[in-house]
Amino acid sequence: MANNGVNGVKDTSEKVFLIWGGEGWVAGHLKELLQQQKQKVYTTTIRMENRESVMAELDRVKPTHVLNCAGCTGRPNVDWCEDNKEQVIRSNVIGTLNLTDCCFLKNIHCTVFATGCIYAYDKNHPPGGEGYLEADPANFGGSYYSATKSKVEELMTVYSNCLILRLRMPVSDDLHPRSFVTKISKYDRVVNIPNSNTILHDLLPCAILLASAGDTGIYNFTNPGAISHNEVLTLFKKHVRPDFEWKNFSEEEQSKILKAGRSNCELNSDKLVKRMRDFGVEVKDVHTAYDECFQRMKTAGIK
C-alpha cells in the first residue's frame with residue numbers, strides 16, 4: 001500500500017487541477033472552491049476507460065493534480081447497478097484504474113473520490129462501537145456497486161501517486177437530488193441506523209489540502225462519529241422544514257423493496273482529523289456539522 005507522502009506531484013510552484021467527471025455534483029463543488037482559491041482548474045467529461053482519449057486530455061491540459069469525481073453510482077440509486085454490471089465494471093473498475101495508471105505514467109497526482117460503503121456492522125464493529133480503520137479489509141458485498149468499489153480500491157493502493165478518499169452518504173448545503181438528506185426526506189419510510197456521513201462544506205476543502213500536499217494512500221473521508229437517520233431528520237425538521245414528518249421501518253422491511261443491500265457502518269476518521277491539524281484545520285463531529293449545515297440552509301431560505 002502506498003504511504004502518505006509527496007509521491008506523484010510534479011516539481012512546480014503552480015498547481016493545475018483537472019477534475020474528471022466535470023459535470024457531476026461533487027465536481028461542481030470542487031470547481032467552485034478551487035476558483036474561489038484562485039487556483040487554475042479545468043474539468044473534463046472524457047470517459048475514463050478510453051485510454052487514448054485520457055492520455056490526450058492529460059497532454060492537452062497538463063495538470064499537476066487530477067481529481068477523479070467520475071464513476072457510476074446508478075440512477076436513481078445503486079439498485080441500477082445490479083442490472084447493468086458491464087457498465088459498472090467499465091466505469092468503476094476499468095475506467096478508474098485506467099485514469100490512475102495514466103496519471104502515474106505522467107507523474108500526476110491523482111485523487112479518487114471513492115466510497116466507504118464497503119463495510120457493514122459486525123460483532124467487532126457494532127453500532128456505537130469501534131469504527132472501521134483505513135486498513136481494515138472490506139466486509140460488505142451486498143450490492144454490486146460496493147463489491148466493485150472494494151476490489152478496485154485494493155488494486156489502486158499500489159499506485160504511489162494515488163490518494164483515495166472514502167466518502168459516505170455525502171450531504172451538501174442545499175437539496176440537490178444527490179444529497180443524502182434530499183434522498184431520505186423524499187422516502188415514504190426510512191430505516192433508523194447510525195452511519196458515518198460526509199458533510200461536503202466541511203470536507204471538500206480538506207480534499208484540496210490533501211491533494212495539494214501530495215498525500216497518498218487511503219483516508220476515511222467522513223466527519224467524526226455516526227448519526228442516525230432519525231437524528232438527521234430531527235435536525236432537518238428543527239432548522240429547515242418545521243412541518244416535516246417521517247415514518248420508520250426495519251432493515252428487514254427495507255430489504256423487501258430493494259434489489260441490493262445497503263451498507264451501514266461507522267468509519268474511524270482519526271487519521272483525517274490528525275492530518276488536518278497539520279494544516280490548522282479542525283474537522284467537526286458529524287452532529288455539529290449537520291446542525292451547522294441545516295442552519296446555513298435556513299439562512300439561505302432553503303425549504
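## Two residues with positive phi

N107 sits in the loop that runs between α4 (85-105) and β4 (109-115). In this predicted model, phi of N107 is near 60°, a positive value in a residue that isn't glycine. As for how much of N107 shows, it is partly exposed, with a relative accessible area of 38%.

K38 has a phi near 60° too, again positive in a residue other than glycine. Look for K38 in the loop between α1 and β2 (40-44). K38 is exposed, because its relative accessible area is 74%, and the cut-off for exposed is over 50%.

## Two asparagines tucked into loops

Next up is N195, found in the loop between β6 (189-190) and α7 (200-213). Is N195 buried or exposed? N195 has 0% relative accessibility, so it counts as buried. Setting aside residues up to four places away in sequence, N195 touches Y121, R168, M169, G225, A226, I227, H229, S263, N264 and C265. One of those neighbours deserves a closer look: a polar atom of the N195 side chain lies 2.8 Å from the backbone nitrogen of C265.

N161 belongs to another loop, the one between α5 (144-156) and β5 (162-167). N161 counts as buried because its relative accessibility is 2%. What does the side chain of N161 reach? It reaches the backbone oxygen of I108, at 3.0 Å.

## Cysteines without disulfides

How many disulfides does a search of the whole structure find? The count is 0. Take C102: it is in no disulfide, and the nearest cysteine sulfur, that of C103, is 7.1 Å away. C102 is also buried, with a relative accessible area of 0%.

C265, the partner of N195 in that 2.8 Å pair, is worth checking as well. Why is C265 not bonded to C117? The two sulfurs are 6.4 Å apart, which is too far for a bond, since a disulfide needs cysteine sulfur atoms within 2.5 Å. That sulfur of C117 is the closest cysteine sulfur to the one in C265. Like C102, which is buried, C265 counts as buried, at 0% relative accessibility.

## Around helix α2

L58 is part of helix α2 (residues 51-61). With a relative accessibility of 2%, L58 counts as buried. Leaving out neighbours within four places in sequence, L58 is in contact with L18, W20, P63, V66, C102, C103, K106 and I108.

Some of these names have come up already. C102 and C103 are the cysteines whose sulfurs are 7.1 Å apart, and I108 is the residue whose backbone oxygen is reached by the side chain of N161. There's also a distance to note here: L58 and L105 are 47 residues apart in sequence, yet 11 Å apart in space, C-alpha to C-alpha.

## Helices α6 and α8

T182 is found in helix α6. Its relative accessible area is 3%, so T182 is buried. Apart from neighbours within four places in sequence, T182 is in contact with D174, L175, H176 and P177. T182 and S172 are 10 residues apart along the chain and 9.4 Å apart in space, going by C-alpha atoms.

Helix α8 (residues 229-239) has several buried residues: H229, N230, V232, L233, L235, F236 and H239. What covers them? The cover includes α6 (180-186), β6, β8 (247-248) and α11 (286-299). H229 also turns up among the residues touched by N195.

## A pocket between helices

Which residues line the second largest pocket? They are H29, E32, L33, Q36, S172, D173, L200, H201, L204 and P205. Two elements give two or more residues each to this lining, α1 (25-36) and α7. The pocket has a volume of about 220 Å³.

The lining is a mix, with 4 nonpolar, 4 polar and 2 charged residues. S172, which is 9.4 Å from T182 by C-alpha atoms, is one of the lining residues.

## Out at R277

Finally, R277 lies in helix α10 (residues 270-277). The side chain of R277 makes a polar contact with the side chain of E282, at 3.0 Å. R277 and K247 are 30 residues apart in sequence, with 40 Å between their C-alpha atoms.

Methods. Residues are numbered from 1 along each chain as its sequence is written. This is a predicted model: local features need pLDDT of at least 70, side-chain atom pairs count only at pLDDT 80 or more; totals for chains, interfaces and linings use all residues. Side-chain values use heavy atoms; hydrogens and water are left out. Helices (H or I, at least four residues) and strands (E, at least two) are DSSP runs, numbered from the N terminus. Buried means under 20% relative accessible area, exposed over 50%, partly exposed in between (1.4 Å probe, protein chains only). A polar contact is a pair of N or O atoms within 3.5 Å; within protein, one must be able to donate a hydrogen and the other to accept it, and residues adjacent in sequence count only if both atoms are side-chain atoms. Contact means heavy atoms within 4.5 Å. On a 1 Å grid over the protein atoms alone, a cavity is a set of points where a 1.4 Å probe fits but cannot get out, and a pocket is an open set with protein on both sides within 12 Å along at least five of seven lines; lining residues have an atom within 4 Å of a point. Grid points are joined across faces, edges and corners, and a volume is the space filled by probe spheres set on the points. Ala, Val, Leu, Ile, Met, Phe, Trp, Tyr, Cys and Pro count as nonpolar, Asp, Glu, Lys and Arg as charged, and the others, Gly among them, as polar.
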